[in-house]
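Here is a walk through one protein chain, written for someone who would rather look at the fold than read tables. Keep the viewer open and click along.

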Amino acid sequence: SGSEFQRIKLEALQRRNLAATFSQEDTLLYHLKENPLVSILIKYSKNQDIIKKCLESIKNNTSYSNYEILVIDNGSSGENRLRINELTKQFGFRHLYRMMEFNFSAMCNYGVEHANGKYLLLLNDDCEIVQSDWLERLLGQAMLPHIGAVGAKLLYPENHLIQHAGVTN
């Protein structure tokens, strides 16, 4: 039965000295033992409407408060830089501007060089946060000693079909 399965899982967690509870959808939620800074790195695609929606969703739908946002810009025009600076005032992120050819990995690495967080979160600017405990859920997994990287489940906005089921390595 479901409750027997939960009991077995909780006993296994206790043997491993890990604290967790079950969510309403029967997912394990690991308790955070500390409150580390998370650096959210967002590659800027030069579309203010898209990134504004992403930033609004982070601001309005994130219950975890110890994070910084860095927006990595690989060479937007002067007009776009002025617009992104207005968003910087509104959402309090750091705008990292560096003229370079588009290279997603290089842009992420540039962001990492300026990040202060103990944990790094790479987020596409077209993502929208819809669940307030999203960062705690990812961080709870990432903080486990045997985990190197985690990923979230992504849904298509128009029909809520799964785009990506997330990863745990």
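## What covers helix H5

The buried residues of helix H5 are covered by, among others, strands S2 (28–30), S3 (38–43), S4 and S6 (119–124). H5 itself runs over residues 134–142, and its buried members are Trp-134, Leu-135, Leu-138, Leu-139 and Gly-140. Bear in mind that you're looking at a predicted model.

## The chain as a whole

Reading from the N terminus, the elements go α-β-β-β-α-β-α-β-α-β-α-β-β, which adds up to five helices and eight strands. The C-alpha trace spans about 60 × 35 × 25 Å along its principal axes.

How much of the chain is buried? Of its 169 residues, 36% fall in that class. As for contacts, take those with a sequence separation of 6 or more: 61% of them join residues 24 or more positions apart.

## Two buried strand residues

Start with Leu-41, which belongs to strand S3. Its relative accessibility is 2%, and since anything under 20% is called buried, Leu-41 qualifies. Leaving out residues up to four places away in sequence, Leu-41 touches Leu-70, Ile-72, Cys-108, Gly-111, Val-112, Ala-115, Leu-121, Leu-122 and Leu-123. One of these partners, Gly-111, is 70 residues away in sequence, yet the two C-alpha atoms are 6.3 Å apart.

Now click on Val-71, in strand S4 (residues 67–73). Buried or exposed? Val-71 is buried, because its relative accessibility is 0%. With residues up to four places away again set aside, its contacts are Ile-42, Tyr-44, Ile-51, Ile-84, Phe-93, Arg-94, His-95 and Leu-96. Val-71 and Asn-124 are separated by 53 residues in sequence, with 10 Å from C-alpha to C-alpha.

## Helices H2 and H3

How do H2 and H3 lie relative to each other? The axes of H2 (residues 48–60) and H3 (residues 78–91) approach to within 11 Å and cross at roughly 10°. Angles under 35 degrees count as roughly parallel, so that's the label this pair gets. On the H2 side, the contact uses Gln-48, Ile-51, Lys-52, Leu-55, Glu-56 and Lys-59. H3 brings Asn-80, Arg-83, Ile-84, Leu-87, Gln-90 and Phe-91. Sorted by class, that makes five nonpolar, three polar and four charged residues.

Two of these names should ring a bell: Ile-51 and Ile-84 also turn up among the residues touching Val-71.

## A charge over a ring

If you like side-chain details, have a look at Arg-81 and Tyr-97. The charged end of Arg-81 sits over the Tyr-97 ring, 4.3 Å from the ring centre. Aromatic pairs are another matter: with ring centres required to lie within 6.5 Å, the count is zero.

## Two loop residues with positive phi

Most residues other than glycine have a negative phi. Which residues go the other way here? Asn-17 is one of them, with a positive phi near 60°. You'll find Asn-17 in the loop between helix H1 (2–15) and strand S1 (20–22). Asn-17 counts as exposed because its relative accessibility is 61%.

His-160 is another non-glycine residue with a positive phi, about 60°. His-160 sits in the loop that links strand S7 (154–155) to strand S8 (162–164). At a relative accessible area of 58%, His-160 is exposed too.

Definitions and conventions. Residues are numbered from 1 along each chain as its sequence is written. This is a predicted model: local features need pLDDT of at least 70, side-chain atom pairs count only at pLDDT 80 or more; totals for chains, interfaces and linings use all residues. Side-chain values use heavy atoms; hydrogens and water are left out. Axes are lines fitted to C-alpha atoms, for helices over the stretch in contact, and angles run from 0 to 180 degrees between N-to-C directions. Helices (H or I, at least four residues) and strands (E, at least two) are DSSP runs, numbered from the N terminus. Angles under 35 degrees count as roughly parallel, over 145 as roughly antiparallel, 65 to 115 as roughly perpendicular and the rest as oblique. Contact means heavy atoms within 4.5 Å. Ala, Val, Leu, Ile, Met, Phe, Trp, Tyr, Cys and Pro count as nonpolar, Asp, Glu, Lys and Arg as charged, and the others, Gly among them, as polar. Rings of Phe, Tyr and Trp (its six-membered ring) pair if their centres lie within 6.5 Å; planes under 30 degrees apart count as stacked, over 60 as edge-to-face and the rest as tilted. A charge sits over a ring if NZ of Lys or CZ of Arg is within 6 Å of the ring centre and within 35 degrees of the ring normal. Buried means under 20% relative accessible area, exposed over 50%, partly exposed in between (1.4 Å probe, protein chains only).
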